[in-house]
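I set out to record the strand pairing, the covalent cross-link, the charged contacts and the backbone outliers of one chain. The entries follow the order in which I looked them up.

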Amino acid sequence: QVQLGESGGGLVQPGGSLRVSCAAYGSSFSNYIMSWHRQAPGKQRELVATITSGGSTTYAESVKGRFTISRDNAKNTVYLQMNSLKPEDTAVYYCRAQGYYEYREGREGYWGQGTQVTVSS
């Protein structure tokens with residue numbers, strides 16, 4: 001079992017950068033597939049980026065080339081570096097941890113409480 005806590009959200013101007021972090025508390029962090037999701041007001045939650053235990057990454061088309069997901073297993077932390085931010089990136093950002101079989105079977109896994117990112121001038 002793992003508990004997740006996001007931090008680093010805030011207000012940033014269009015074109016700016018922000019890094020959000022997700023600290024994991026529990027065992028075997030390095031074995032989890034970690035992902036970032038976001039939910040804007042009135043919209044469904046969407047997958048932003050995923051990083052496997054081996055470090056392979058995938059991104060939503062809308063953030064490719066602008067966002068980078070990474071993990072530090074020694075610190076039990078996953079990061080989302082967001083560059084060239086746009087107003088449409090405004091959302092609550094959530095991290096998620098799934099074990100291999102949870103990921104493969106589409107089960108929920110564990111979620112953090114979210115951190116607000118607002119892109120506005």
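**Entry 1: strand pairing around β11.** I took two strands as paired if DSSP finds at least two bridges between them. The model is predicted, and I read every value below as computed from it. With that criterion I looked up the neighbours of β11. Strands β9 and β11 run antiparallel and are joined by three bridges. Within this pair I noted that V92 stands opposite Q116 of β11. I then turned to β2, residues 10–12, which pairs with β11 in the parallel sense, again over three bridges. Here G10 has V117 as its bridge partner in β11. I therefore recorded β11 with an antiparallel pairing to β9 and a parallel pairing to β2.

**Entry 2: side chains along β11.** Which residues of β11 point to the buried face? I found that T115, V117 and V119 point to one face and are buried. Q116 and T118 point to the other face and are not buried. The side chains of this strand, residues 115–119, thus alternate. I noted that V117, the bridge partner of G10, belongs to the buried set, whereas Q116, opposite V92, belongs to the other.

**Entry 3: the four-stranded sheet.** I next traced an open sheet of four strands, in the order β1-β3-β8-β7, with antiparallel pairing. Which strands stand at the edges? They are β1 (2–7) and β7, and each has a single partner strand, so one side of each is left without a neighbour in the sheet. Neighbouring strands of this sheet are turned against each other by 15° on average, direction ignored. For the β7 and β8 pair I recorded six bridges and an antiparallel course. In that pair S70 stands opposite Y79 of β8.

**Entry 4: the disulfide.** I searched for cysteine pairs and found that the structure holds one disulfide. C22 and C95 form this bond, with their sulfur atoms 1.9 Å apart. The pair links distant parts of the chain: C22 lies in strand β3 (residues 18–26) and C95 in strand β9 (residues 91–98), 73 residues apart. Are these cysteines buried or exposed? C22 has a relative accessible area of 0% and is buried; C95 is likewise buried, at 0%. Why is the disulfide right-handed? The torsion about the S-S bond of C22 and C95 is about 45°, so I entered the disulfide as right-handed. I also noted that C22 sits in β3, a member of the four-stranded sheet, while C95 sits in β9, a strand that is paired with β11.

**Entry 5: salt bridges.** Side chains of opposite charge can pair when their charged atoms come close. I counted five salt bridges. One of them joins R38 to E46, with the closest N and O atoms 2.6 Å apart. R38 is buried at 6% relative accessibility, whereas E46 is partly exposed at 34%. I then found that R38, E46, R66 and D89 are linked in a network of salt bridges.

I examined two other pairs. K64 meets E61, the closest N and O atoms being 2.8 Å apart. K64 is partly exposed, with a relative accessible area of 45%, and E61 is exposed at 63%. R107 and E105 form a salt bridge at 3.0 Å, N to O. Both R107, at 41%, and E105, at 47%, are partly exposed.

**Entry 6: positive phi.** Most residues other than glycine have a negative phi. I looked for exceptions and recorded N76, whose phi is near 50°. Where is N76 found? It lies in the loop between β7 (67–72) and β8 (77–82), the two strands that six bridges join. N76 is partly exposed, at 23% relative accessibility. I also recorded S84, which has a positive phi of about 50° although it is not a glycine. S84 is found in the loop between β8 and β9. Its relative accessible area is 41%, and I entered S84 as partly exposed.

Terms used. Residues numbered from 1 in each chain as written. Predicted model: local features only at pLDDT ≥ 70, side-chain atom pairs only at ≥ 80, totals over all residues. Heavy atoms only, no water. Disulfide = S-S within 2.5 Å. Buried < 20%, exposed > 50% of the residue type's maximum accessible area, 1.4 Å probe, protein only. Salt bridge = Lys/Arg side-chain N within 4 Å of Asp/Glu carboxyl O. Axes fitted to C-alpha atoms, helices over the stretch in contact; angles between N-to-C directions.
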